[in-house]
Amino acid sequence: MSSSTDYKTLTREISGNVSQLRTSQPEVMQGFNAMGKAALTAGAIDAKTKELIALGIGVAARCDGCIGFHTQALARLGATRAEVHETLAIAVYMGGGPALMYAANAVAAFDQAAPEQAPAGT
């Protein structure tokens, strides 16, 4: 994927495809959803920080869907552009050059999810 990827469309398409798995593999999908809910529930670490961690891992793992879903969650949770960018810096540090390319994609995805925070002319 590139920085011109429409992450809203990508996540919508992925969600549609995942719905087929919910039908054909309900136990697996219920288990995955329960694990995600439990992992993201605020505890010693708040939900926004957990989503920032998930975004960093998604970038380092080069997962476009992860970038799309976690940037949307971060926008809903009130993450700032600065928080997202610092998280991406850690992902690049941990993932090297390939992670930098996906960090650039995550910038575009967050700007799509929270356009009010994007710099003028973006």
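Is K8 buried, exposed or partly exposed, and what is its relative accessibility? In this predicted model, K8 counts as partly exposed because its relative accessibility is 40%, a value between the limits of 20% for buried and 50% for exposed residues. K8 is placed in helix α1, which covers residues 7-24. When neighbours within four places in sequence are set aside, the contacts of K8 are with Q72, Q112 and A113. With Q112 there is a polar approach, in which a polar atom of the K8 side chain lies 3.2 Å from the backbone oxygen of Q112. Q72 is 64 residues away from K8 in sequence, yet the two C-alpha atoms are 8.4 Å apart in space.

T5 belongs to the segment before α1. This residue is buried, because its relative accessible area of 9% falls under the 20% limit. Apart from neighbours within four places in sequence, T5 is in contact with L10 and Q112. Q112 is thus a contact of T5 and also of K8.

The largest pocket of the model has a volume of about 790 Å³. Its lining is made up of 24 residues, of which F32, G36, L40, F69 and H70 are the closest to the pocket centre. Helices α1, α2 (26-40), α3 (47-60) and α4 (64-76) each contribute at least two residues to this lining. The greatest contribution is that of α2, which supplies 8 residues. Sorted by class, the lining of the largest pocket holds 13 nonpolar residues, 6 polar residues and 5 charged residues.

L40, one of the lining residues closest to the centre of the largest pocket, lies in helix α2. With a relative accessible area of 31%, L40 is partly exposed, since this value lies between the 20% and 50% limits. Beyond its neighbours within four places in sequence, L40 is in contact with A47, K50 and E51. Two of these contacts, K50 and E51, are among the buried residues of α3. The C-alpha atoms of L40 and K8 are separated by 21 Å, with their positions 32 residues apart along the chain.

Helix α3 consists of 14 residues. Its span from first to last C-alpha is 20 Å, close to the 20 Å expected at 1.5 Å a residue. At the start of α3, a side-chain oxygen of D46 comes to within 3.1 Å of the backbone nitrogen of K48. Within the helix, K50, E51, L52, A54, L55, G56, G58 and V59 are buried. The packing partners of these buried α3 residues are α2, α4 and α5 (81-113).

After α3 comes R62, which has a positive phi near 60°. R62 is located in the loop that joins α3 and α4. Most residues other than glycine have a negative phi. R62 is not a glycine, but its phi is positive, at about 60°. Its relative accessibility is 37%, so R62 counts as partly exposed.

Methods:
Residues are numbered from 1 along each chain as its sequence is written. This is a predicted model: local features need pLDDT of at least 70, side-chain atom pairs count only at pLDDT 80 or more; totals for chains, interfaces and linings use all residues. Side-chain values use heavy atoms; hydrogens and water are left out. Helices (H or I, at least four residues) and strands (E, at least two) are DSSP runs, numbered from the N terminus. Buried means under 20% relative accessible area, exposed over 50%, partly exposed in between (1.4 Å probe, protein chains only). Contact means heavy atoms within 4.5 Å. A polar contact is a pair of N or O atoms within 3.5 Å; within protein, one must be able to donate a hydrogen and the other to accept it, and residues adjacent in sequence count only if both atoms are side-chain atoms. On a 1 Å grid over the protein atoms alone, a cavity is a set of points where a 1.4 Å probe fits but cannot get out, and a pocket is an open set with protein on both sides within 12 Å along at least five of seven lines; lining residues have an atom within 4 Å of a point. Grid points are joined across faces, edges and corners, and a volume is the space filled by probe spheres set on the points. Ala, Val, Leu, Ile, Met, Phe, Trp, Tyr, Cys and Pro count as nonpolar, Asp, Glu, Lys and Arg as charged, and the others, Gly among them, as polar. The expected span of a helix is 1.5 Å times one less than its number of residues.
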